[in-house]
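Colleague: Please take a close look at a single part of this model. I would like one connected account, with the cut-offs spelled out.

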Amino acid sequence: MTTPFSFSLGATDGQARTGAITTSRGTIRTPAFMPVGTAGTVKAVQMRDVKATGADIILGNTYHLMLRPTAERVARFGGLHKFSTWEGPILTDSGGFQVMSLSAMRKLTEEGVSFQSHIDGSKHMLTPERSIEIQCLLGADIQMQLDECPPFPISEEASLESLELSVRWAKRSKAAFEEIAGRHQALYGIVQGSVFPDQRKRSAEALQEIGFPGYSVGGLAVGEGREAMFGVLDVTTPLLPKDKPRYLMGVGKPLDLVGAVERSIDMFDCVLPTRSGRHGQAWTWDGPLNLKNAQFVDDETPLDPASDCPASRDYTKGYLNHLFRAGEYLGPMLLSWHNLDFYQRLMAAMREAIAEGRFDQFAEEFRARHRERKG
Ligand SMILES: Nc1nc2c(CCc3ccccc3)c3nc[nH]c3cc2c(=O)[nH]1
């Protein structure tokens with residue numbers, strides 16, 4: 001573990017940019033889509049197939065893994081890489097977001113957030129210090145500060161209070177990180193401020209005062225809608241250092257990814273490709289398809305013959321329709337795999353378009369072709 005974390009910018013095209021994040025476990029090509037592996041597995045897809053789709057990095061979840069099987073047990077197995085057999089970089093969230101969306105009896109104080117496990121009701125406490133300890137026990141290469149992701153909508157004064165707490169927690173997270181993390185690991189600050197431009201500015205400036213090797217844009221993909229999200233990016237990314245990665249948390253649909261790359265975002269995560277795949281939704285260049293739909297019963301064409309992914313190339317839509325109607329495990333497995341591959345092919349196409357100075361044209365053609373809703 002000697003290679004220190006670093007980011008190098010590649011090509012820029014308008015505000016869009018390519019880059020490479022060097023970590024001790026491999027390089028991440030940006031713009032990058034990071035499959036979510038919440039409980040140490042990218043649901044229904046084996047790690048060798050996740051890698052084959054082109055993913056350079058996957059995500060793990062402090063909240064889920066601290067509850068089960070516990071961070072200490074994962075550490076005894078040699079860390080999350082060894083435990084899950086994923087050998088590339090792993091990014092973990094700090095857990096606060098998941099506590100607020102999943103746990104019961106949660107109580108938020110200056111110290112941290114106490115809560116009851118959604119699994120067995122046991123009592124737990126997450127502080128900035130404990131979150132960093134857990135992320136280090138897991139062995140995460142890129143870690144997140146503990147923050148508070150405010151609900152949407154939220155009043156301006158409540159949003160300001162929340163972002164100030166997250167800034168204080170950013171300081172404590174960095175102090176704890178510097179105590180116990182390795183030189184090969186990196187900690188990101190998370191910009192908050194909901195949909196208020198002056199608060200986004202305040203948060204971005206306060207975090208840069210503290211200083212991080214990368215910055216996440218938090219507080220979005222919480223129901224604000226695409227236009228409001230883009231509006232926040234328009235005012236936020238210009239405030240962040242150009243020579244450091246920007247990670248838009250929890251985003252998103254293909255049209256969200258294109259619009260956010262247009263606004264200078266480098267890293268993305270979203271449960272959509274795997275979660276929607278498990279329920280029969282296939283993402284394609286032309287938009288999403290519901291493969292359970294009767295229209296596919298006799299369809300003898302694959303999802304994408306041009307792909308080298310077996311899930312996209314070797315199975316007919318009629319067969320996939322059958323698998324879902326029959327409740328066969330293979331249905332969710334193949335569609336999760338296909339969707340991850342499609343997301344990686346979209347990211348690769350954007351990286352190539354930026355490198356060739358034709359990203360505007362790519363984005364325009366994609367938006368014309370990709371119909372999110374029929375008709
Ligand atoms: N810490 C944090 N996480 C968020 C996530 C989870 C992303 C995540 C990271 C790693 C694993 C799973 C999920 C969000 N998802 C949608 N919107 C989100 C906002 C925030 C946020 O403001 N702060």
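Modeller: What follows covers one helix pair, then the ligand site.

This is a predicted model, where local features need pLDDT of at least 70, side-chain atom pairs count only at pLDDT 80 or more, and totals for chains, interfaces and linings use all residues. Residues are numbered from 1 along each chain as its sequence is written, and side-chain values use heavy atoms, with hydrogens and water left out.

Start with helix 6 (residues 128–138) and helix 7 (residues 156–180). Helices here are DSSP runs of H or I, at least four residues, numbered from the N terminus. The two pack at about 40 degrees, with axes 8 Å apart. Axes are lines fitted to C-alpha atoms over the stretch in contact, and angles run from 0 to 180 degrees between N-to-C directions. Helix 6 and helix 7 are therefore oblique to each other. Angles under 35 degrees count as roughly parallel, over 145 as roughly antiparallel, 65 to 115 as roughly perpendicular and the rest as oblique.

Contact means heavy atoms within 4.5 Å. Helix 6 contributes Pro128, Glu129, Ile132, Glu133 and Cys136. Helix 7 contributes Trp169, Arg172, Ser173, Ala176, Phe177 and Ile180.

Now the ligand. It has 19 residues around it (a heavy atom within 4 Å). Asp93, Asp147, Gln192, Gly219 and Leu220 come nearest. A side-chain N or O atom of aspartate 147 is 2.7 Å from a ligand nitrogen. For glutamine 192, a side-chain N or O atom is 3.0 Å from a ligand oxygen. Leucine 220 uses a backbone N or O atom, 2.7 Å from a ligand nitrogen.

Note on methods. Polar contact = N/O pair within 3.5 Å; in protein donor to acceptor, adjacent residues only side chain to side chain.
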